[in-house]
Amino acid sequence: MRKANARRLRGGLPVAVVCLCVAALRPAAPAGADWLVTNDGGRVETKGPWKVDGKRVVFTLKDGSLSSLRLTEVDLDASRQATTAMAEEAAAAAAKASAAAEAPPAKKSTRVFTDKDFARPPAAPKDDAKDGDAKPASDSTAAPAAVKVEDWKQSRNQDTHALEITGSVRNTGPDMAVAISVNVRLFNPRGEQFATQPASLNTRSLHPGQKTAFTAVFPDVIDFTSAKIDVLSTPLMEKPPAPADANAETPPQ
């Protein structure tokens, strides 16, 4: 009789009932993986919850194998915080995905385009230049750029520690090239452009066959994977002189 009464708490509730009530009040463990954080900042994702067993922390790896760490190697408070944070992040992502799935589909545009919706190119201006005047080639009939990069290299300026791209461009065309500009673009290992810089030139006009040096300075760049050098110029075409008249009289000597 005493044993039966001892298994009851004050108020007449059995111990088993109280334990069940306390268990029901505890928050449910987050579903999915837990995380262990080591004292040196490392993280281990576990399959299911980890537990402290004496001087060890026992857990199951993602591949299903059982493993353990010394208790002195694990930051238990940081591990609990990391597990809770990852569970909250997963719950937020699931809620966002659920809201997106329940959102009504976007309506398709039914607008009809006509010729009025598209801008027409302006009419080409009339050429008022005289026959004897030099003039730039028209864009509609422009030949491929005649000024090309002949060579280039990279170096580090010893005084400013800036990265410099130096080289030369040559006019390979039959006409004089004017308004020459050089622009250098740098790319990272992923092929993404991360820096661009116009280059300075010794001259911005070149006769056929002539070349000039250029320099592009990148003060904040440590290194790059590849570079692309863009050259722009305008060919200056001159009208050839008229042939001599064979019937003209030869001036006296």
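What is the mean pLDDT of the protein chain, and what share of its residues reach 70 or more? The mean is 76, and 64% of the residues reach 70 or more; pLDDT is the predictor's confidence in each residue, from 0 to 100. Over residues 1-31 the pLDDT is below 50, and this stretch has nine contacts beyond near neighbours in sequence, a contact being heavy atoms within 4.5 Å.

This is a predicted model, in which local features need pLDDT of at least 70 and side-chain atom pairs count only at pLDDT 80 or more, while totals for chains, interfaces and linings use all residues. Residues are numbered from 1 along each chain as its sequence is written, and side-chain values use heavy atoms, leaving out hydrogens and water.

Now to a sheet you can look for. Three strands (DSSP runs of E, at least two residues, numbered from the N terminus) make an open, antiparallel sheet in the order 3-4-5. Two strands pair if DSSP finds at least two bridges between them. Strand 3 (51-53) and strand 5 (66-70) are at the edges with a single partner strand each, so one side of each has no neighbour in the sheet. Strand 3 joins strand 4 (residues 56-60) through three bridges, and Lys51 stands opposite Val58 in strand 4.

Finally, meet two residues with positive phi. Most residues other than glycine have a negative phi. For accessibility, buried means under 20% relative accessible area, exposed over 50%, and partly exposed in between (1.4 Å probe, protein chains only).

| Residue | Phi | Place | Relative accessibility |
|---|---|---|---|
| His161 | near 60° | loop between strand 7 (147-156) and strand 8 (163-171) | 55%, exposed |
| Ala179 | about 55° | strand 9 (residues 176-187) | 42%, partly exposed |

Conventions
Helix = DSSP H or I, 4+ residues; strand = E, 2+ residues; numbered from the N terminus.
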